[in-house]
There are 2 protein chains.
Amino acid sequence: MKPVTLKEIAEQLNISVTTVSKALKDYPDISKKTKALVKELALTLNYRPNAFAVNLRTKESKTVGLIIPEIVHHFFSSVIKGIIAQAEKKGYLVIILQSNESYEMEKKQIQLLLSQRVDGILISLANGTADYNHLTDVIAQDKPLVMFDKIAKIVKCSKVIIDDRKAAYAATQHLIDTGCKRIAHFRGALLPQNSIDRFLGYKKALLDNNMLYDPSLVYICECGDNSFEEGKMNARQLLKDHNDVDGIFINTDLVAIGAITEFNEQGVKIPEDISIVGFSNWFMSSVISPTLTTIDQPGYQMGKAAFKQLYKEMQQLKNKEPIVYESIVLKTELVKRQSTKEILLGEV
Amino acid sequence: MKPVTLKEIAEQLNISVTTVSKALKDYPDISKKTKALVKELALTLNYRPNAFAVNLRTKESKTVGLIIPEIVHHFFSSVIKGIIAQAEKKGYLVIILQSNESYEMEKKQIQLLLSQRVDGILISLANGTADYNHLTDVIAQDKPLVMFDKIAKIVKCSKVIIDDRKAAYAATQHLIDTGCKRIAHFRGALLPQNSIDRFLGYKKALLDNNMLYDPSLVYICECGDNSFEEGKMNARQLLKDHNDVDGIFINTDLVAIGAITEFNEQGVKIPEDISIVGFSNWFMSSVISPTLTTIDQPGYQMGKAAFKQLYKEMQQLKNKEPIVYESIVLKTELVKRQSTKEILLGEV
DNA sequence: GTGGTTTTCGAAAACGTTTTCGTTTACGAG
DNA sequence: CTCGTAAACGAAAACGTTTTCGAAAACCAC
């Protein structure tokens, strides 16, 4: 059972392929009668245009590529969902690739997407990515590229992000407002922009409040997988190193949950002994005990916004307009829960 | 900067397109010298074959479609990861569509994938899907189709599943072995095969142990979203209806976690007052307090196995061999944690 | 009946490959 | 020098569309 082609329809109706094609696309120079005939037969034969042929002609694939560091991840899977939902609305399909936080992978995958002739590419960078030639290649080919969440500031293209620095500042400020005097920070890996910005927000909040910034309170983990285990390890280390810390701002909810678990096991009371603020607002954070105060990071919204921007650029390209890059900053919000104390009114 | 074509390479070298194509594919009737020349130029020009043109000629897209009810879901995102990983190994790309548990969506998406001429389709059914014509259509077109997890037993195609019934039996048996005398079941929606099978396993375990099967202890939720809220609601209802229940086997971890939260809030002690077994082994289950005893459902493995089977069928199709359907059943495992008591030796 | 316009249709080229089947050239054997 | 063969290359068709341009047919006004 081979798929039906225009040619077969044409032969059955004794007209030309051209006429069939035009009839299906409602060209004005085809009579109503012929159109009706063609459309009816196309329907009964269940005709579907061959996407390859269409793409070859029109040079449009109606397909975009998405490269993401990790799929099994609440935030990223929310982003994926947002992207797919928005793409579907506009009639686009999404090819998803996972870089596994590897720069080499990322490079290969970009090449793969380019040779697939996708109309545009959405990407959230791997932690290890420090060289951006593969990205500028895309832009040089006039292919729309939108980065989201884990971006490279240097690369000239549209970006959809949150203000990590501001959010981290708010998180740290909240620890201060609730009475914490000595605040540590688990920052995860060294490299990614998010880590840097969140760290800077943390630091600035301390300084703005005339508190000491102590580098030994910043825990780096070069394993770089933002894992549960990382949280446990860091928490253990913190208890050994510093017995005076009464608050921690943690880079990622998952790490925060690891820390909470470790503290629970060691009998450290949260938030009485140590207050904790996480980052991302995974679902899990509302379920763990104590529930985790955190920064809500709108993944679904980010996915939608990223595709919308990509779509806009694809349209601009089609209309031979110049592509204008935009940086879209999405709102975050502090979600107060049990892992931090009540705000002390009047004291601060 | 338009992509390089065979023609351009040919013109630069003053040879024919044919020769270029053959040289790149190492045809034996091209001299070594020419091959070297062509390959070198192709490399420096960064030539990438136009996928559309290749597909149009060869009728192979090296692309498969994946339809899944929900992306933001630990189990499903694990499956996606497994599928993508395996597909990449074999040089295939994956287009992901989300049905949102809607039958209508599912139908449309199948059509979309067919008109995109994907080489095969992987699908996990929406809860609402009860009519399978869209699936038999795919098979009738000789397009390989593999169903996983949420399947329709009636449809003749390959399937990758776990033995829900056996796993549910094991879960229930574990409650019995740890001393539970009156065991309830939260089964979620009525329709999907998984729910049915898990229910049957629960029931059989009761009967095999000479325990009463009481339909009023089976909680159905037609909201069908397997949600946290569903778990809370059911738990609340259970406390009202039956004060003698001392164990619950719950269809899904997320619902179980909802129930645990509700019980925690109401001061019901787990496992002393009520023991709970969930299903899926989400990461969250190892983190909630008390940690949740559950059935481990190997999502990543399932994804890999599903793509492998699809790949096998695509090869069979290519080689004009008959396609042989297989039903692959993956192993599950009971993960014992704090939400159930220790096994009473010698008592049962 | 003529000229012009409108309506309706089709031929053909193009998109970039792959592959079949010739054709040309070179070469060695007789 | 001729013939046969092998090596190296190319012309052309095909995949299924879309779109440009021209042609035929039909209609209208005079």
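Biologist: Why is the approach of Lys22(A) to a base oxygen of DNA strand C called a polar contact?

Modeller: In this predicted model, an N or O atom in the side chain of Lys22(A) is 2.4 Å from that base oxygen. A polar contact requires a pair of N or O atoms within 3.5 Å, so this pair qualifies.

Biologist: What makes Thr18(A) and Arg57(B) partners of the bases in DNA strand C?

Modeller: A polar side-chain atom of Thr18(A) lies 3.1 Å from a base nitrogen, and one of Arg57(B) lies 2.2 Å from a base oxygen. Both distances fall within 3.5 Å, and therefore both pairs are polar contacts.

Biologist: Which residues are the closest to DNA strand C, and how many surround the strand?

Modeller: The strand is surrounded by 26 residues, and the closest are Thr19(A), Lys22(A), Thr34(A), Ser21(B) and Arg57(B). Of the strand's atoms that come within 4 Å of the protein, 56% belong to sugar and phosphate.

Biologist: Why is the pairing of Lys81(A) with Glu70(B) called a salt bridge?

Modeller: Their side chains meet with an N to O distance of 3.1 Å. The limit between a Lys nitrogen and a Glu carboxyl oxygen is 4 Å, so the pair meets the criterion. The count between chain A and chain B is two salt bridges.

Biologist: Which element gives the most to the side of chain A that touches chain B?

Modeller: H5(A) does, with seven residues. By class, that side has 26 nonpolar, 15 polar and five charged residues.

Biologist: What area is buried between chain A and chain B?

Modeller: About 4,600 Å² is buried, and carbon and sulfur atoms give 67% of this area.

Key
Residues numbered from 1 in each chain as written. Chains lettered and ligands numbered in written order. Predicted model: local features only at pLDDT ≥ 70, side-chain atom pairs only at ≥ 80, totals over all residues. Heavy atoms only, no water. Near = heavy atom within 4 Å. Polar contact = N/O pair within 3.5 Å; in protein donor to acceptor, adjacent residues only side chain to side chain. Buried area = accessible area lost by both parts, 1.4 Å probe. Helix = DSSP H or I, 4+ residues; strand = E, 2+ residues; numbered from the N terminus. Nonpolar A, V, L, I, M, F, W, Y, C, P; charged D, E, K, R; others polar.
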